[in-house]
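Trainee: I have not looked at this one before. Can we go through it piece by piece?
Mentor: Yes, go ahead and ask.

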There are 2 protein chains.
Amino acid sequence: MSQTQPCIICVAITGSLPRKSDNPAVPITVAEQVESTHAAFEAGATIAHCHVRNDDETPSSDPDRFAALKEGIERHCPGMIVQLSTGGRSGAGQARGGMLPLAPDMASLSVGSNNFPTRVYENPPDLVDWLASEMLRHDVKPEIEAFDLGHIVQATRMAADGRLKGPLYVQFVMGVKNAMPADEPIFDFYIETLKRLAPDALWCAAGIGAAQLTVNEWSIAKGGHTRT
Amino acid sequence: MSQTQPCIICVAITGSLPRKSDNPAVPITVAEQVESTHAAFEAGATIAHCHVRNDDETPSSDPDRFAALKEGIERHCPGMIVQLSTGGRSGAGQARGGMLPLAPDMASLSVGSNNFPTRVYENPPDLVDWLASEMLRHDVKPEIEAFDLGHIVQATRMAADGRLKGPLYVQFVMGVKNAMPADEPIFDFYIETLKRLAPDALWCAAGIGAAQLTVNEWSIAKGGHTRT
Ligand SMILES: [Zn+2]
Ligand SMILES: [Zn+2]
Ligand SMILES: [Zn+2]
Ligand SMILES: [Zn+2]
């Protein structure tokens, strides 16, 4: 890792799935999320990866809830980068991008499809292109969620033809059942391929579940950024 | 390439998409497919990768049509390996595996999902597992269709836990828009990863469209089998 490049820590406070019944500490309401993010910000996190929930804790992509969360984080954590999720667990079709007109600093973007533990994570090409175009329009920096090697390649094609604005910021996601496991030679090849196809790209990595700390360690050791 | 290991040539006579209006030489009826396969067999092909069509040329997964095609190839091309497609263009859900009780020598099997030019190629985990179990039950050898690196890894996990019977036979597919392009470092890493995770596996490769000859050349040069 270059001595002058700081490691960016991204904190995912809530995610789309865990409930209070799984862990009472999971922040669900906007007020809880803001305070939890505030604590992480004071501990050194600089990006907040945000999901919102309905009152019954189910995942939501309601732009009004995202607006309240974004405003709360901006007030309590001045200078923190707000990244809103456009992930497929929280909505379907263009509803997944309904918060992009809020012009957050960043938003997550999946550019391909893959299997999840019990279903297909569907990101059809026309939806991917529409989300990317909304991010260009509202000057939102995408974090590319790469669940497989082909997603990294696809992101570099989209940057090359102008559908995404460079430099790319790509997150390698490992450890989801039926998708890519935490595998170090593959992790290394992800870095190598991204650098080959988009030399100015930055990357981070997230390990899901049991893979979390392993992937955090690889990211930091290999010069990337990381996700808690 | 080892001097003693012959290169297996698999011929895909028809595919699921091209029509007579695209190319009058595309064999559509069972009789046309049998004769076209017979010519390829005499030219040295040893596996016939088979799709069937309805009378209007649309893709089908009708077991009766597959039975007629299999019987014709077995009669005209004694010893040729018959591989039936369970691909998603020809049917949906378990209809994709309705021909497996015919107990062909081989059948294609996709073990993950990915994007195609205009849609998601959906292979949900429960369908993948059901198709694999039907192949075990009828002693059908799967050809794993790997459209991304994660599909190779998933196949090795399924072989390790008994959902697939080894040794694996994996086809790397490159050149489909929005999926993996023909990229030589990635091709080499596919081989390396497969050998690392399943040392006894065999592999072949298919380049789609403009990538066909390039991928054929890589396959032969690097010791794999190939698809016309
Ligand atoms: Zn998320
Ligand atoms: Zn606060
Ligand atoms: Zn096929
Ligand atoms: Zn004949």
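Trainee: Where does A:P167 lie?
Mentor: A:P167 is in the loop between α4 (149–160) and β10 (169–174) of chain A. Helices here are DSSP runs of H or I with at least four residues, strands are E runs of at least two, and both are numbered from the N terminus. This is a predicted model, in which local features need pLDDT of at least 70 and side-chain atom pairs count only at pLDDT 80 or more, while totals for chains, interfaces and linings use all residues; side-chain values use heavy atoms, without hydrogens and water. Residues are numbered from 1 along each chain as its sequence is written, chains are lettered from A and ligands numbered from 1 in the order written.

Trainee: What kind of peptide bond joins A:G166 and A:P167?
Mentor: A cis one, with omega about -10°. B:G166 and B:P167 are also joined by a cis peptide bond, omega about -10°. Most peptide bonds are trans.

Trainee: Which atoms hold the zinc ion (ligand 2)?
Mentor: The protein donors are A:E35 (OE), A:E35 (OE), A:H38 (ND1) and A:H76 (ND1), 2.0 to 2.6 Å from the ion. Donors are N, O and S atoms within 2.8 Å of the metal (3.2 Å for Na, K and Ca); water is not among the atoms, so sites may look incomplete.

Trainee: Why is the arrangement around the zinc ion (ligand 2) irregular?
Mentor: Because the four donor atoms subtend angles of 51 to 144°. Four donors count as tetrahedral if all angles lie between 85 and 135 degrees; four count as square planar and six as octahedral if opposite donors are over 155 degrees apart and all others between 65 and 115; anything else is irregular.

Trainee: How are the donors of the zinc ion (ligand 2) spaced along the chain?
Mentor: The spacing is E-x2-H-x37-H. A:H38 lies in helix α1 (residues 30–42) of chain A and A:H76 in helix α2 (residues 63–76) of chain A, so the pair ties together parts 38 residues apart in sequence.

Trainee: Is A:H38 buried or exposed?
Mentor: A:H38 is buried, at 18% relative accessible area, while A:H76 is partly exposed at 27%. Buried means under 20% relative accessible area, exposed over 50%, partly exposed in between (1.4 Å probe, protein chains only).

Trainee: And which residues coordinate the zinc ion (ligand 3)?
Mentor: B:H49 (NE2) and B:H51 (NE2) do, at 2.0 to 2.1 Å. B:H49 is buried at 7%, and B:H51 is buried at 9%.

Trainee: Changing topic: how many disulfides does the structure hold?
Mentor: Zero, over all chains. A disulfide is a pair of cysteine sulfur atoms within 2.5 Å. For A:C77, the nearest cysteine sulfur is that of A:C50, 9.5 Å away. A:C77 is buried, at 0% relative accessibility.

Trainee: What about B:C204?
Mentor: Its closest cysteine sulfur, in B:C10, is 6.7 Å away, too far for a bond. B:C204 is buried, with a relative accessible area of 1%.

Trainee: Last one: where is B:E57?
Mentor: B:E57 is in the loop between β3 (52–53) and β4 (59–60) of chain B. It has a positive phi of about 80° although it is not a glycine, and B:E57 is buried at 18%. B:D139 also has a positive phi, near 55°, but counts as exposed at 56% relative accessibility.
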